[in-house]
Amino acid sequence: PLGRLVMELREDVVPRTARQLRDLCCAEGGRQLSYKGARFSRVVPNFVAQVGDLRGRGAAAAAAAALPPENFELRHDAPGVVGMASATELFLTLAELPHLDGHFVVVGSLVRGE
């Protein structure tokens, strides 16, 4: 691996989404669908860095994609916010992006990158 992201997930606000993201990140239970080995698929300066379009990696992604957004309580109010672009795609904000509020679920924030 080229690096590692350490995130704080807000399970107190978005418990289902946080658990889903943790499972994808940790590949718990030998899951085939995970971010292990995934790379940033898209980086747009002053906008977002997106990771892991996993839709092609198994049926679990299709099932997860059917889940509606949990809520929009947290905001895209700083660089380093972790949001979900879809059920299997996460993104990191590279700037404050209030126009994303109400469209994508914020699940946490970046603590550090290694």
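How many helices and strands does the chain have? In this predicted model, the chain has 2 helices and 6 strands. Read along the sequence, these elements follow the order β-α-β-β-α-β-β-β.

Confidence was examined next. The mean pLDDT of the chain is 83. A score of at least 70 is reached by 79% of the residues. Confidence is lowest in helix H2, residues 59–65, where the mean is 51. Strand E4 has the highest confidence, at 95.

Burial and contacts describe the chain as a whole. The chain has 114 residues, and 35% of them count as buried. Its exposed area is about 6,600 Å². Carbon and sulfur atoms supply 53% of that area. Among contacts with a separation of 6 or more, 61% join residues 24 or more positions apart.

Strand E6 spans residues 105–113 and pairs with strand E1, residues 5–9. The two strands run in the antiparallel sense, and 5 bridges link them. Within this pairing, Val6 stands opposite Arg112 of E6. E6 is also joined to strand E4, residues 81–84. This pairing is antiparallel too, with 4 bridges. Here Val82 has Gly108 of E6 as its bridge partner.

Ser109 lies in strand E6. Is Ser109 buried, exposed or partly exposed? Its relative accessible area is 26%, so Ser109 is partly exposed: the value falls between the 20% limit for buried and the 50% limit for exposed. Beyond its neighbours within four places in sequence, Ser109 is in contact with Val6, Met7 and Glu8. Ser109 also contacts Gly80, Val81 and Val82. The C-alpha atoms of Ser109 and Leu92 are separated by 8.1 Å. These two residues are 17 residues apart along the chain.

Leu110 is also found in strand E6. Leu110 has a relative accessible area of 32% and is therefore partly exposed. Which residues form a nonpolar patch on the surface with Leu110? They are Leu5, Phe40, Val43 and Leu94. Together with Leu110, these residues have about 390 Å² of accessible area.

Methods. Residues are numbered from 1 along each chain as its sequence is written. This is a predicted model: local features need pLDDT of at least 70, side-chain atom pairs count only at pLDDT 80 or more; totals for chains, interfaces and linings use all residues. Side-chain values use heavy atoms; hydrogens and water are left out. Buried means under 20% relative accessible area, exposed over 50%, partly exposed in between (1.4 Å probe, protein chains only). Contact means heavy atoms within 4.5 Å. Accessible areas come from the Shrake-Rupley method with a 1.4 Å probe; for residues, only the protein chains shown count as cover. Two strands pair if DSSP finds at least two bridges between them. Patches are made of residues with over 30% relative accessible area and no salt bridge: like charges are joined within 9 Å, nonpolar side chains (Val, Leu, Ile, Met, Phe, Trp, Tyr) within 5 Å. A salt bridge is a side-chain nitrogen of Lys or Arg within 4 Å of a carboxyl oxygen of Asp or Glu. pLDDT is the predictor's confidence in each residue, from 0 to 100.
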